[in-house]
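Notebook open, coffee poured. Today I am looking up pockets, sheets and helix packing, and I am jotting things down as I go.

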Amino acid sequence: MEIKKGYKQAEVGVIPMDWDVKNLLDNFTLKARIGWQGLTTEEYLSTGDYGLVTGTDFRDGYIDWDNCVYVEKIRYVQDKNIQLKVNDVLVTKDGTIGKVAFVNKLPNPTTLNSGIFVVRPKNPNIDERFFYYILMSSYFDIFLSKITAGSTITHLYQKDFSTFNFILPPRFEQNAIAQVLSDTDSYINSLEKLIEKKSQIKQGAMQELLKPKDGWETKTIKEVATYRRGSFPQPYGLDKWYDDISGFPFVQVFDVDDNNRLKDETKRYISKAAQQMSVFVKKGSIILTIQGSIGRIALTQYDAYVDRTLLIFESFKIPFNSFFFMISIWRIFEIEKELAPGGIIKTITKEALSSFKISYPKIIEQERIAQILSDIDIEVHALEEKLKKAKSIKDGMLQNLLTGKIRLI
């Protein structure tokens, strides 16, 4: 393979000539809570002055401080090596190994449980945030896959972690790369917070707008709508039932999103042979999951065939706005699905569903309520699409910046 001018072949791949490859052990200290200290979950506190970070507190590369527990002061002062500092890089070493978090703020004096390494540079030419992004990249993913290949390892040993080799650009370029990626993270975080805020507004609006008022009627679902289950030829799994190249979208439970929509693309596509034994549903129909993750509901945004684990609302016996009906059913299920039989894989039958009661106003009021809630939904969906695009752009930037394909000099 011809190497572009200004680049060189290194053990981690082709990199710019002025970049180095360094070893973790030579450039960082690795510290963790040592076993003899014997910190147990019984010592975790719900409130306090001294925080404790565990691997379950890692969220999208940062610490979810609202989820953290606390410990007594004696546990914090017990080991100064794991007293957290801003700009620390954390890596899980037990359970789900190799999860990474960056300490960008420190609300309280905080220590670690025994399942986490704190990684700190002893080389002054290393930017901590840059190294954090190295651990969030494919470089670290490939390293972890190599040391766990063919095994069921649930522990990241220090002797193994110490062998990790990483790329190191000049310090000014590290800083620039880290700043660009950090700015992108901040933008992503702002979108996530806005989506959460809009979703809370929607929840509040639904609670108020769908609350029965004077003049509303209440009937069973069987009295107001007709419905049937989807279908699929048996047995499942035969290749002849699927055609993922030229087949038609086939909706199963996992194709119904949590936001009252279908996913943009279904996981499987149904063959012509199977279409004759399945149920076709037009765009704009209401479908409801009744097995597995029950209670997910969608107003379909494309034509599709529908599996037997979903219920299809075919028509209304009285005037109903489709969006109002869908949101009302979703709200009912938020309560009822927890009572459904079936153990771990829960199922609700058509017969059980028939007895559920729905309250509704006249069609004009339904349409007014539907418009308000639909407008919020559209806004949230647009933000979710923007978030998805931002994350995709960040992934591409991470790859290009950390291989030197794009240089900030």
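Before sorting any lining, I fix my classes: Ala, Val, Leu, Ile, Met, Phe, Trp, Tyr, Cys and Pro go down as nonpolar, Asp, Glu, Lys and Arg as charged, and the others, Gly among them, as polar. I also remind myself that this is a predicted model.

**Entry 1: the second largest pocket**

I began with the second largest pocket, and its volume comes to about 560 Å³. I listed its lining and got 22 residues, with Lys202, Asn259, Asn260, Arg261 and Asp377 nearest the centre. Helix 6, helix 9 (322-336) and helix 11 each give two or more residues to this lining. Which element gives the most to the lining of the second largest pocket? I found helix 11 in that role, with 6 residues. With my classes applied, the lining splits into 8 nonpolar, 8 polar and 6 charged residues.

**Entry 2: the largest pocket**

Next I turned to the largest pocket, which holds about 950 Å³ of space. Here 26 residues make up the lining, and Arg59, Asp60, Tyr62, Asn189 and Glu192 sit nearest its centre. At least two lining residues come from each of strand 7 (62-63), helix 6 (171-209) and helix 11 (363-401). I noted helix 6 as the main contributor, with 9 residues. How do the residues of this lining divide into nonpolar, polar and charged? I count 9 nonpolar, 4 polar and 13 charged.

Asp60 deserved a second look. Its phi is positive, about 55°, although Asp60 is not a glycine. I placed Asp60 in the loop between strand 6 (58-59) and strand 7.

**Entry 3: helix 9 against helix 11**

Both helices turned up in the lining of the second largest pocket, and I wanted to see how they meet. Their axes come within 8 Å and cross at roughly 75°. I call an angle of 65 to 115 degrees roughly perpendicular, so helix 9 and helix 11 are roughly perpendicular to each other. From helix 9, the contact is made by Phe323, Phe324 and Ile327; from helix 11, by Gln366, Ile369, Ala370, Leu373, Ser374 and Asp377. The contact residues divide into 6 nonpolar, 2 polar and 1 charged. I recognise Asp377 here, since it is also among the residues nearest the centre of the second largest pocket.

**Entry 4: helix 6 against helix 9**

Are helix 6 and helix 9 roughly parallel or roughly perpendicular? Their axes come within 11 Å and cross at roughly 95°, which makes helix 6 roughly perpendicular to helix 9. I listed Lys202, Gln203, Met206 and Gln207 on the helix 6 side, and Ile327, Trp330 and Arg331 on the helix 9 side. By class, the contact has 3 nonpolar, 2 polar and 2 charged residues. Ile327 rang a bell, as it is also part of the contact with helix 11. Lys202 is another familiar name, being one of the residues nearest the centre of the second largest pocket.

**Entry 5: the antiparallel sheet**

I then traced an open sheet of 4 strands, in the order 15-23-19-21, with antiparallel pairing. At its edges I have strand 15 (225-229) and strand 21 (297-299), each pairing on one side only. From one strand to the next, the twist averages 25°. Inside the sheet, strand 19 (residues 286-289) and strand 23 (residues 310-316) run antiparallel and are joined by 4 bridges. One pair I wrote down is Ile286 with its bridge partner Phe313 in strand 23. Helix 9 comes back here: it lies across strand 15, strand 19, strand 21 and strand 23, and runs at about 170° to strand 21.

**Entry 6: the mixed sheet**

Another open sheet has 4 strands in the order 17-16-22-18, and its pairing is mixed. I marked strand 17 (268-270) and strand 18 (279-281) as the edge strands, each with pairing on one side only. The twist averages 50° from one strand to the next. I followed strand 16 (residues 248-251) and strand 22 (residues 304-306), which pair in the parallel sense over 2 bridges. Phe250 stands opposite Tyr305 in strand 22.

**Entry 7: a cis peptide**

Which residues does the cis peptide bond join? I have Gln234 and Pro235, with omega about -5°. Pro235 lies in the loop between strand 15 and strand 16.

Key. Residues numbered from 1 in each chain as written. Predicted model: local features only at pLDDT ≥ 70, side-chain atom pairs only at ≥ 80, totals over all residues. Heavy atoms only, no water. 1 Å grid on protein atoms, 1.4 Å probe; cavity = no way out; pocket = protein on both sides within 12 Å on 5 of 7 lines; lining within 4 Å. Points joined across faces, edges and corners; volume = space filled by probe spheres on them. Pairing = 2+ DSSP bridges. Axes fitted to C-alpha atoms, helices over the stretch in contact; angles between N-to-C directions. Parallel < 35°, antiparallel > 145°, perpendicular 65-115°, else oblique. Contact = heavy atoms within 4.5 Å.
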